[in-house]
Amino acid sequence: MPLIPDLFSFKTAWRDARTQFRSLLLYSGGIVAGVAALVAILSFRSDVMLTVNDQARELLGADLEISLNEPYGDSLTAWVDSVGGEQARSIEFSSMVLYRSSNSDDDATRLSQIRAIDGAFPFYGEIKTEPSGAAMNYQEERTALVDRPIMNQLGLQVGDSIRVGTEWLEIAGMILEVPGESAAFSLIGPRIIIPEEVASGTGLLDRGSRVQYKTWFRFGPDRPELQSDEAVEELASEARERVSDRRLGVTTVASRMDDFSRIVDNLTKFLGMVGFIALMLGALGVASAVYVYIKRKSITVATLRCLGASSRQTLHIFGLQIAGLGFAGALAGSLLGLIIQRFLPLLFTDFLPFELVQQVSVPALMLGFLTGVAVSFAFAVLPLLSINNISPLLTIRSTDFSPLAHVPKRIKATVGVGVILLLIAILALLLESIAVAVLFVGGLIASILILMGTSVLLIRLARSMRLRSFSYIWRQGIANMFRPNNQTAVLVTTLGMGMLLIGSMYLSQEMILQRIDLQTGGNQPNLVFYDIQTDQREDIIEIAESHDTQILEQVPIVSMRLSRLNDRPVREIREDTTRQAGNWALTREYRVSYRDELNEAETIREGEWIGRSEGIGSGVTVPVSLDHRLADDLNVELNDRLTFDVQGVPVETYVASIREVDFQRPQPNFFLLFPSGVLEQAPQFFAVTMRSPDELTTAQLQQEVVQAHPNVSAIDIGLVLESVQTFLDKVAMAVQFMALFSILTGLIVLASAIAISRFQRIRESVLLRTIGASRRQIRGIQVVEYLWLGTLACLTGVLLSLIAGWLLAYFYFDLVFVPDVPALVVASLIVIALTLAVGFLNMRNILHKSPLEILRLNAE
Amino acid sequence: MLRVEDLTKTYQSGDRPLTVLDRVTFEIEPGTSCAIVGPSGSGKTTLLGLCAGLDRATSGDVYLKDHSLRILDEDALAVIRNRHIGFVFQSFQLIPTLTALENVMVPMELRGAGYEEVSARAERLLVEVGLAGRIHHYPTQLSGGEQQRVGMARAFIHEPDILFADEPTGNLDEETGSQIEEILFDLNQKEGTTLVIVTHDPELAAQCDRIIRLKGGRVATDSGPAAGSAAPAGFNRNSRSAKKMVDS
Ligand SMILES: Nc1ncnc2c1ncn2[C@@H]1O[C@H](COP(=O)(O)OP(=O)(O)O)[C@@H](O)[C@H]1O
Ligand SMILES: [Mg+2]
């Protein structure tokens, strides 16, 4: 059995390792951080899934939820009545809410998320409030529950009041938690819970707002036939059939759980990938350590060969050691991962709709552990195989042995391909997608190669600099980076990758904000009012102008539905199972505008924009323009005919052009655009964009408009920007936390590289001391060495992240790239300081050793 | 015991071939000792390496106990080395992570022998070479002479048929060197091993039954094959042992 090591190999592997455990463990340390990251993320995912399973019903608060964006028709109402069970209803919409604090003279207005509830929702879990129990009584008492962030921000107290539409309500409690919703929900807008009957009195429902009508069901023991997921699912499809033509949203406990799991899955997969980068870097560090280790062991191997050990035995001896190392490293990483698992939820508190139940997940632990062992071993195979090429001749003729030089190309290629396939296989397992795994591994290898190339270039540059004018200490310190068997390139690569990750994360976050900022600067709108009725328009414009606010655009909006596509009724198309068009595009309520000209956010891709047409009833087919995504969804091309139902009136149109629309701009944009001359007489409402001179005006203006026209909503772009920033900060923090593992890996690999070259370093320093160098000078030389190492790594990482940032800015964000250099410099300084600290920590003993003691040390 | 036939070794140095050994032929009888001498660069080490199967010849062949080394693969050569060959190196080549005792035991353990059966013999050998008190020391804790003694104990533990030594005293001072020589010949005589020593120490060479002198990769002079265990050499060795006993 040639694969199983014999007793001699085991014994010798053990005996040889015995005296050098500490340094051996350090060699394998590279993978610790990566494995820890993986184990922590996988455990976190398993914790979330566990909690979701445990609290599935609380996630929805009911057994079944249906929602529709208009009042229920007779058929649906009849169906709801027939289903029975326990029921609760809500009407949900966004509206301006006026907050009046007893502590302050000024009122504040905010676009808020209103939930007007009737009944005992939630059936499972509870709305947590302060004072507790406020959620029990608000319906009888006609009071409101208000989200915590807005109450804290505006200094509101229980007992203060808010105005929704035309109705004043007292605040009965502060919302702490709503089942199934995370704290991040508040970023969209403050959540307000009021009794349903109040909503109808607000005058908001019939005036153009987007409204969702929801019904929740609970099937108690009196409905034994509805206790299984399948039964509820069947009921749900029944509901969908009832409202065949409309968009009825149906959510069951199972589907809510699926949606949630998918989000968590995607998030943890992404973070897992960032963690995997650390693991790969660590494995690279281990491979480099093994390379140097084998090189140092070459004489021992040669001696063993002289004494009659077979190549298999020598391979086994060191293979066993390396495998043991991987094992130990992965074990240490797994344990560390378990500790990190405890704290990881802190990063996600705002995104989790429940308190996480934590426990040790054996599958997560095993997966992380085995991945660590496999990856570290895979990377070590090539240097390990070179043991076979160590000639016993080395014992009598001392020549330098460079491990990889003797391994045949064919074997190198085979091992290389094998390792890549293994990585892909492991990742495909973790990510459940071969395509993503292939792309990721490809991208990772490419970026490591680029990093390595850059670092080699920078190292060469540093080396070729003629530093005669520098002091001896500087020259010696720099020369030290290039001592034989140095691992400078690998160190610069691993540390540099950490910098690259953190740098590019930071830069792209900056750019997203910069991009939004840009769109709100200059002459761009910073305040948008919408849902304005025709009769309210004049008044609002007057109010705005009285506040020195410039009106930029008045956009008319007409809602309509698609009724026929190329003369086929939409209803028929929907029943056709071979259809290509998406359901959403067929049934949605289109909000359409009309203009003479395209705006700057629009570019024509195909066809021709026609800005004017004849009115309804003239018999002319109207030339319209579609966004290319909508055209794809409907599967239509130029000149295809679409018939729209504009509030009862059919309008014949054809696709005259297909546009590309940049929806990231703050001004209202539309998937479907009509020419002017057609819809002017149709029932319509308006959005008005304006630019107010300052924040105070923005606030006052909103308030005044809302006082006069409660149904009108406002988007304060400044506030939106703030929300986006908060959100991005939170997401970025999680990603950067994972990227930190790469930096950590770099530092550990540095420690291991110092440990490997320890003897060399000791000999150098003793030699210097023997010739009369002071301790201070020797320390100076070390400082220079680590300083340069850290600097080169940061330079590599920052340089590449700047390039990545620039490419991103140019091709994706369409921005002039202005990197935040100070932030990058600060990050670099921290990494350089850490490099110095690790260097010193590992060298501290050397200076205290007496030269005599050191001269007796052998090259171990 | 050892037959060398038309042995040639050529290195490709740059674009010119460099012939280091040129059709060397000789045969060494079992139980005899043979010194290979010659100026530095004459090919001694190369020859030794080829004889011990550490390297491959360009042409010609080496027969060790009638095994042709040319036809054996690396692992078969390893088996030959373990069964029949002992080595003493100029730079000792002890395994730094093993103790003296463990270093000595390696050749036997490679054969699969258990700790108990080998350790007694290894300890005895270490005592015999004068390291009674240093059995569990690591190489770094031993002086050069002591390391070479461990090296010799290791070379003899598996009772090899033939022992190769490449300048065994080259890294030692004269006095330590001659102690090592003494032990070498002593053990050699006790075990009846064939001895091949590369040296440029004329005194050491003179103690051997036979001297082969290399020059420019060829055999310059050869004192000729000695009979079985030649009387003068045997006498020599005995006298040395006697002298050692007197000394101690
Ligand atoms: N790998 C090699 N490549 C080229 N030349 C070599 C190689 N090894 C040894 N030589 C040359 O072979 C010659 C003989 O070397 P060696 O056998 O070590 O001589 P000796 O041991 O007698 O001093 C020397 O000239 C040396 O330079
Ligand atoms: Mg030599």
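Helices, taken as DSSP runs of type H or I with at least four residues, and strands, taken as E runs of at least two, are numbered here from the N terminus. On this basis chain A has 28 helices and 21 strands. The model is a predicted one, and the C-alpha trace of chain A spans about 105 × 70 × 60 Å along its principal axes. Of the 860 residues of chain A, 54% count as buried.

Aromatic contacts were then examined. Over all chains the count comes to 17 aromatic pairs. One of these is formed by A:Tyr590 and A:Phe644, which meet in an edge-to-face arrangement, with 5.8 Å from centre to centre and 80° between the planes. This pair links distant parts of the chain, since A:Tyr590 belongs to strand β14 (residues 590-595) of chain A and A:Phe644 to strand β17 (residues 641-646) of chain A, the two residues being 54 residues apart. Both A:Tyr590 and A:Phe644 are buried. Elsewhere, A:Tyr27, A:Tyr293 and A:Phe318 form one aromatic cluster.

At the surface, a negative patch is formed by A:Glu538, A:Asp539, A:Glu542 and A:Glu545. Among the members of this patch, A:Glu538 lies in helix α19, which comprises residues 537-546 of chain A. A:Glu538 has a relative accessible area of 54% and is therefore classed as exposed, the cut-off for that class being over 50%.

Terms used:
Residues numbered from 1 in each chain as written. Chains lettered and ligands numbered in written order. Predicted model: local features only at pLDDT ≥ 70, side-chain atom pairs only at ≥ 80, totals over all residues. Heavy atoms only, no water. Patch = residues over 30% accessible without salt bridge, like charges linked within 9 Å, V, L, I, M, F, W, Y side chains within 5 Å. Areas by Shrake-Rupley, 256 points an atom, 1.4 Å probe, with all protein chains shown as cover. Salt bridge = Lys/Arg side-chain N within 4 Å of Asp/Glu carboxyl O. Lys, Arg positive; Asp, Glu negative; His and termini not counted. Charge placed at Lys NZ, Arg CZ, Asp CG, Glu CD. Buried < 20%, exposed > 50% of the residue type's maximum accessible area, 1.4 Å probe, protein only. Phe/Tyr/Trp six-rings, centres within 6.5 Å; stacked < 30°, edge-to-face > 60°.
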